[in-house]
Structure formats: structure tokens, C-alpha cells
Amino acid sequence: MDYSEIDHISRTCFPNNNLKNIQYGTAGFRMRAELLNHVVYRMGILSVLRSKFLNGAGIGLMITASHNEEPDNGIKIVDPAGEMLESDWEEIATMLVKVQDTELIETIKSIIKDKNIDENSSASVIIGRDSRESSLALSKAAIKPIEILKATVKDFGIITTPQLHYLVVCINSNGVYGVPTIDGYFDKLSNAFIKSQTIENKINNKKYSYTNQLYVDAANGVGAFAAKEFKKQLNNIITINIFNDGAGKLNYKCGADYVKIHQAPPLNNPSKLNIKCASIDGDADRLVYYYVDENNKFNLLDGDKIAILIVSYLKELIEASGLSINLGLVQTAYANGASTNYVTEILNVPVAFTETGVKHLHHRAQQFDIGVYFEANGHGTVIFRDEIIKMIRNSTLNKEISNQQRESVLKLSNLIDIINQTVGDALSDMLLVETILYARDWDIVMWKECYLDFPNRQLKVKVKDRNIIKTTDAERKCISPIGLQEKIDEIVSHYPKGRSFVRASGTEDIVRVYAECQDPMDVEKLAAQVSLAVYQFAGGVGEIPIAI
Ligand code: 16G
Ligand code: ZN
């Protein structure tokens with residue numbers, strides 16, 4: 001491997017800017033774009049090492065800062081099965097980004113030695129970037145060392161994060177998962193959606209009715225490109241009206257994160273009442289739905305509502321198919337308690353909890369035959385075990401089963417193709433939601449009313465060192481600082497159906513507080529009291545607490 005060139009370019013073009021506290025977090029590295037040059041250069045190197053370590057398997061690199069504001073950017077590495085980078089390599093990534101320029105080559109050599117990497121193995125990297133102005137230069141900086149190290153680079157240019165995950169999986173599965181091109185992605189999802197219109201028998205429930213009009217807030221991000229392509233391909237079936245389509249400022253008062261946190265419509269929202277709207281985030285891996293009703297009330301259908309819609313429909317199909325399939329849902333502590341109650345008590349489907357962050361949910365979901373996972377913020381998907389996919393596909397050919405069973409397995413088989421199983425994908429999830437609403441002939445109000453969320457509130461508290469907060473039990477219990485959990489328990493005990501937890505954010509230098517309870521009048525007070533407890537026990541600084 002040509003280290004002298006790597007070293008020379010590193011020192012002359014991408015010197016370390018010695019950022020303190022830099023860390024490969026749940027979303028990779030994320031910060032102001034101008035600080036990222038040496039980070040992306042070194043991640044280019046690391047992706048080659050990771051690929052060689054895995055005997056030449058394709059590794060993904062995505063340049064994006066998702067829902068962050070335009071001046072930010074970031075980079076994350078995608079493993080060959082479309083999953084997030086393995087955790088011990090996250091530590092290596094942090095270390096590689098931190099070392100001084102003079103130590104870079106020695107560090108690369110020591111990684112090669114420690115990991116027993118065959119330097120002569122081939123290496124391949126698949127790269128994509130979002131639509132930020134800074135993304136092109138950063139992707140060039142990441143590609144530079146990959147070329148010097150003579151690895152193969154497949155640069156797909158401006159694509160959504162889930163498209164990158166799809167491409168990585170297609171390339172590594174030699175096309176079994178799908179055709180490894182952007183056209184292949186659109187064709188796979190669009191064809192399955194078109195097919196769903198013929199195999200789903202829309203039930204006429206007389207009261208509510210499905211409408212194929214959908215307004216999509218694309219956060220002025222890369223998702224607008226993908227949404228426009230689906231609009232074109234699916235024009236005869238669904239009318240997708242895109243706003244915040246790229247002309248405005250990225251993520252500014254729009255997008256899934258804004259809508260979820262502020263519980264308010266985005267900028268440029270159509271003024272019509274009771275119409276079905278969806279918001280995706282800046283890199284199109286999160287989706288929420290919403291509508292404004294006749295009383296001008298904003299109604300949010302977040303990741304929990306999407307998960308429940310999917311779980312209930314899958315359960316119905318599995319039961320009707322007669323197949324023995326174990327279905328489960330994975331949530332985090334942020335899931336509204338009413339959604340968890342609905343799934344466990346009404347649907348009788350098991351719910352597992354994990355820490356925040358896609359990789360945790362994804363891994364837990366793999367333990368079910370069909371695992372649905374969603375964060376309340378709208379990031380999620382469904383994953384099917386390979387044997388279950390085979391079983392479903394084989395059943396569609398089985399002549400011995402009843403018509404009702406065949407119909408269900410055909411529907412299940414087609415749903416598998418609508419879903420981007422590699423990671424949460426806002427547009428694939430949107431097509432899935434539309435398929436289910438169509439099949440049930442539901443409008444958005446009917447969907448919203450299947451259960452009522454408990455009132456909830458999130459606050460942030462600034463503390464001296466957020467790492468003082470340590471949690472257990474999927475972040476639902478705080479074990480440090482001592483005494484804080486007891487205090488939270490005491491506060492919560494005064495509120496019917498009260499629940500609250502605190503955790504250190506993985507993406508911001510703050511502690512997050514979540515609170516929910518039965519009475520909407522109480523929830524602000526509960527959140528404020530818990531925030532005050534955090535402030536007092538965990539060394540709060542500045543104002544107490546900051547409402548978001
Ligand atoms: C990252 C995670 C997201 C999580 C969020 C929590 C991935 C790809 N993204 O954006 O899943 O919800 O962090 O942020 O894992 P927080 O730690 O600041 O609350
Ligand atoms: Zn995102």
C-alpha cells in the first residue's frame with residue numbers, strides 16, 4: 001500500500017485540526033462541514049481497511065448530516081450487510097481521526113497488524129452524498145485515499161442514505177437483494193407498489209375512505225430528488241404533491257425532525273384542512289405523517305403510529321396465511337406508552353426495547369422471524385429472516401392451500417419487495433403506509449384514532465459533563481448520578497400514568513428528558529420537575545431547563 005502518498009496528501013491537504021471530544025457516534029461523525037476535511041480523508045482510509053479486513057466486501061460511505069442545519073455535515077460507514085459499522089471499529093474510527101499527522105501511517109500499520117488484515121486483499125468502497133453544498137468536496141476528500149490505495153470506488157453521487165444502504169447490500173449480495181443501481185432501486189419499489197394495487201382488495205368500509213392524494217414535505221433535501229422520481233413513476237396510482245422540494249433552505253423549519261419535535265406543520269404547508277401530509281428528513285431516512293384538522297389542531301402520526309399500522313397489518317396477513325411466523329416489534333423508551341399498550345394488549349404482539357440508535361433496534365429486530373422496528377422520530381423498517389422469505393415465496397406456489405391463504409401470502413410476498421429492509425427508508429416506508437391504508441380503505445383520521453397517544457413532552461438540560469448520566473434497562477433507568485432515579489420515581493408517582501426517563505444525547509452536548517402522563521395539563525409540569533432534578537443532581541449549567 002502506498003503510504004508515502006497517503007502521508008503526503010494528509011499533511012499537505014487534510015491536516016488534523018485537533019478537535020477535542022471528537023467521536024464516532026450513533027450517526028458517525030457530524031459537525032460543521034469546514035471541520036470535517038481530515039475526518040473524511042481518514043474515513044476513506046478506514047473504509048479500505050475495513051473492506052480488506054472483510055476480504056474485499058463492499059463498504060459504504062455516506063456523506064450527510066441528515067436533519068442538521070445546512071452548515072453541518074457528517075460521514076458514516078456502512079457495513080456489507082447494510083448495517084451500521086461494527087462497534088469495535090467505531091472506536092478505531094475515533095482513534096484514527098484523533099491521531100497526529102505524524103502518527104497517521106504508524107496507526108494505519110498498527111490497525112493492519114491488530115486486525116490481521118491482508119494488505120494484498122482487494123477492497124471496494126461505495127460512496128454517496130446528500131445535497132448539501134459542502135458534500136461534493138467532502139466526498140472527493142474521502143475518495144482521494146481510496147484511489148491512492150488502489151481500491152475500487154463506486155461513486156453514486158447525490159443519493160439518499162437508504163439508497164446507499166440498498167446499493168451496498170445489492171452489490172454484496174451479487175444482485176440477489178436487487179439490481180445494484182439507482183434505477184434498480186426505483187424499479188424494485190415502484191413495481192412492488194404498482195403490483196400492490198392489483199392484489200390488495202380495498203375493503204369499502206363505507207365510513208372512511210382512502211385518498212391517493214399525498215402532500216410530501218421533502219425538507220429541501222436529497223429526498224426531494226427521490227420523491228420526484230416516485231411521483232413520475234407512480235403518477236397513475238398516487239398523486240404526490242411535493243413541497244420544500246429543494247428550492248428553500250435545507251431542514252429550515254421543515255422536515256420530519258422539525259415536525260416531530262415542534263409538533264407543528266412545516267413551512268409552506270398547504271393550507272387545506274384534513275389532508276394527508278408526510279414529512280421526510282434531510283437524507284430521507286425518517287418519515288412522519290400529519291394533518292391539520294377542522295379545529296386547526298395539528299395531529300402527528302409519528303414512528304409509533306407507523307409501526308402500529310405495519311404490525312397490525314402483518315399480523316392480520318400472517319394469521320390468514322396459516323404460516324407459523326414469529327412477529328415482534330422493537331421500540332425505544334421514546335415510544336409513547338399508549339403505542340406499547342396497544343401492541344401488547346390489543347394486538348398481542350411482543351414488544352422488545354433497546355437503546356436509542358438504529359443499530360440497536362436493527363439487531364434486536366433480527367431476533368424475530370419478522371421484526372418491525374421504529375423509533376418515535378420516524379426511523380424504522382421491517383426485516384424478514386431469509387428462511388421466512390423463502391417460506392413465504394414458496395407458499396405462493398403451493399397448490400394445496402386455500403384461496404384465502406394464497407391471497408395473504410401473495411400480499412406478504414409483495415410487501416417484502418416494497419420494504420427497504422437494509423435500513424429505515426422514508427420513501428419505502430411511505431409506499432408501505434400507503435399500501436396498508438389503501439388495503440384498509442382508511443383515511444388518515446381513522447389511522448390516527450386507532451389509539452390515542454399519552455400527552456408527552458421533551459426537554460433538554462445542559463450539564464457540565466453529560467457523561468455523568470448513565471442508564472440501564474434500555475435507557476429507562478438512570479444509575480448515575482446516585483439518587484437521581486429515586487427522585488424521578490418520586491416525582492412520577494404523583495402523576496397518573498406518569499413515565500419519565502433521562503439520557504445523555506449521543507448527538508448533542510445535553511441531557512434529554514422525556515415525560516408523559518395522562519393529563520395534558522400536567523405533562524409540562526412533570527417534564528419541568530424532572531429537568532430540575534437533572535439540573536440539581538447532574539451539575540446543571542445555564543438556564544433551567546430549555547424547552548425545545
Ligand atoms: C442518531 C440516530 C437516531 C437516533 C438519534 C438520537 C442512527 C442512524 N441515527 O441520529 O437513530 O434517534 O441519533 O439522537 O442511528 P440523540 O442521541 O441526540 O437523542
Ligand atoms: Zn436522517
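1. In this predicted model, the side chain of E375 places an N or O atom 2.5 Å from an oxygen atom of ligand 1. Two further side chains offer comparable pairs: an N or O atom of S505 lies 2.6 Å from an oxygen atom of ligand 1, and one of N377 lies 2.9 Å from an oxygen atom of that ligand.

2. The surroundings of ligand 1 comprise 14 residues, of which E375, S505, G506, T507 and R512 come nearest. E375 and S505 thus appear both in this nearest group and in the side-chain pairs described above.

3. The zinc ion (ligand 2) has four donor atoms. They are supplied by S66 (OG), D281 (OD), D283 (OD) and D285 (OD), at 2.0 to 2.2 Å. Along the sequence, these donor residues follow the spacing S-x214-D-x1-D-x1-D. S66 belongs to the loop between β2 (58-63) and β3 (72-78), while D283 belongs to the loop between β8 (277-280) and β9 (287-292); the pair therefore ties together parts that are 217 residues apart in sequence.

4. The geometry at the zinc ion (ligand 2) deserves a remark. The arrangement is irregular because the four donor atoms subtend angles of 85 to 173°; a tetrahedral assignment would require all angles to lie between 85 and 135 degrees. Water is not among the atoms, so the site may look incomplete.

5. Are the donors S66 and D283 buried or exposed? S66 has a relative accessibility of 4% and so counts as buried. D283 is likewise buried, its relative accessible area being 0%. The cut-off for this class is under 20% relative accessible area.

6. D257 is part of helix α9 (residues 256-262). With a relative accessible area of 19%, D257 is classed as buried, since the class extends to values under 20%. When neighbours within four places in sequence are set aside, D257 is in contact with H67 and R286.

7. Which residues have the most contacts inside the largest nonpolar core? They are Y289 and W447, in a core of 88 residues. Beyond residues up to four places away in sequence, Y289 touches L214, K276, C277, A278, N299, L300, L301, M430, V433, E434, I444 and W447. A second core, separate from this one, has 47 residues, among them L36, I63, I111 and I143. In soluble globular proteins, nonpolar side chains tend to be buried together.

Definitions and conventions: Residues are numbered from 1 along each chain as its sequence is written. Chains are lettered from A and ligands numbered from 1 in the order in which they are written. This is a predicted model: local features need pLDDT of at least 70, side-chain atom pairs count only at pLDDT 80 or more; totals for chains, interfaces and linings use all residues. Side-chain values use heavy atoms; hydrogens and water are left out. Donors are N, O and S atoms within 2.8 Å of the metal (3.2 Å for Na, K and Ca); water is not among the atoms, so sites may look incomplete. Four donors count as tetrahedral if all angles lie between 85 and 135 degrees; four count as square planar and six as octahedral if opposite donors are over 155 degrees apart and all others between 65 and 115; anything else is irregular. Helices (H or I, at least four residues) and strands (E, at least two) are DSSP runs, numbered from the N terminus. Buried means under 20% relative accessible area, exposed over 50%, partly exposed in between (1.4 Å probe, protein chains only). A nonpolar core is a set of buried Ala, Val, Leu, Ile, Met, Phe, Trp, Tyr and Cys residues joined through side-chain atoms within 4.5 Å. Contact means heavy atoms within 4.5 Å. A residue is near a molecule or strand if one of its heavy atoms lies within 4 Å of it. A polar contact is a pair of N or O atoms within 3.5 Å; within protein, one must be able to donate a hydrogen and the other to accept it, and residues adjacent in sequence count only if both atoms are side-chain atoms.
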